[in-house]
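Subject: Handing over a structure

Dear colleague,

I am passing the structure below on to you, together with notes on what was found in it. Please look through the sequence and the coordinates before reading on.

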Amino acid sequence: METPAMNRLILSCALVAIALPAASQSVPAANYTDMWWNPSESGWGLSFAQHAGSNQVFAVWYTYDPREPDPATGQFKPLWIVMAGGTWSSPTTLGGAVYVTNGRPFSQPGSDTVVTPVGTFAFNFSSASTGTFTYNIAAPAGIAAN
């Protein structure tokens, strides 16, 4: 037989279980929001948006699809790999799952977006203006691995 006290205990345990992962996440040492790139490596970069108060990050690696160039233009197609979240394991280290999305532009009606997990990103900042970006990507079907 359940009692109000037992229900409160179960609810309290559930709330603690939900809050523990968020509480164990580190607080970032700085706001690293910026456009990041290496001037000696033209053609790619990162957009890093850190949301104040939530420690959540939205990062996009913009680069080029490693497949053959478009036969009509001879140009490689842009490829964006997205991290919508991540976990701060220390005040200067963030990592998380990343995805490739494909679908219609937002300005066209319909919803056929496909979100494909492709790996992980890791960021290790040595200051508010310098850091190291590492990744572990497994190319999704249709994208050749290089």
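I begin with the interior. The largest nonpolar core has 19 residues, and those that touch the most other members are Phe48, Ile81, Met83, Phe121 and Phe123; such a core is a set of buried Ala, Val, Leu, Ile, Met, Phe, Trp, Tyr and Cys residues joined through side-chain atoms within 4.5 Å. Two or more residues of this core come from each of strands E2 (45-50), E3 (57-64), E4 (78-85), E6 (93-102) and E7 (114-125), and E7 gives the largest share, with 4 residues.

Please keep in mind that this is a predicted model, in which local features need pLDDT of at least 70 and side-chain atom pairs count only at pLDDT 80 or more, whereas totals for chains, interfaces and linings use all residues. Residues are numbered from 1 along each chain as its sequence is written, and side-chain values use heavy atoms, with hydrogens and water left out.

The protein chain has 1 helix and 8 strands, arranged along the sequence as α-β-β-β-β-β-β-β-β; helices (H or I, at least four residues) and strands (E, at least two) are DSSP runs, numbered from the N terminus. Of the 146 residues in the protein chain, 23% are buried, where buried means under 20% relative accessible area, exposed over 50%, and partly exposed in between (1.4 Å probe, protein chains only).

As for confidence, pLDDT (the predictor's confidence in each residue, from 0 to 100) averages 80 over the protein chain, and 78% of the residues score at least 70. Residues 1-23, however, have a pLDDT below 50, and this stretch has 2 contacts in the model beyond near neighbours in sequence, a contact being heavy atoms within 4.5 Å.

Three residues may help you find your way. Phe48, once its neighbours within four places in sequence are set aside, is in contact with Tyr32, Thr33, Asp34, Trp36, Val57, Phe58, Ala59, Trp88, Leu94, Phe123 and Phe125. Thr63 belongs to strand E3 and counts as buried because its relative accessibility is 18%; with neighbours within four places again left aside, Thr63 is in contact with Gly43, Trp44, Lys77, Pro78 and Leu79. Ser54, by contrast, sits in the loop between E2 and E3 and counts as partly exposed, because its relative accessibility is 36%. From C-alpha to C-alpha, Ser54 is 9.3 Å from Val27, although 27 residues separate the two in sequence.

With best wishes
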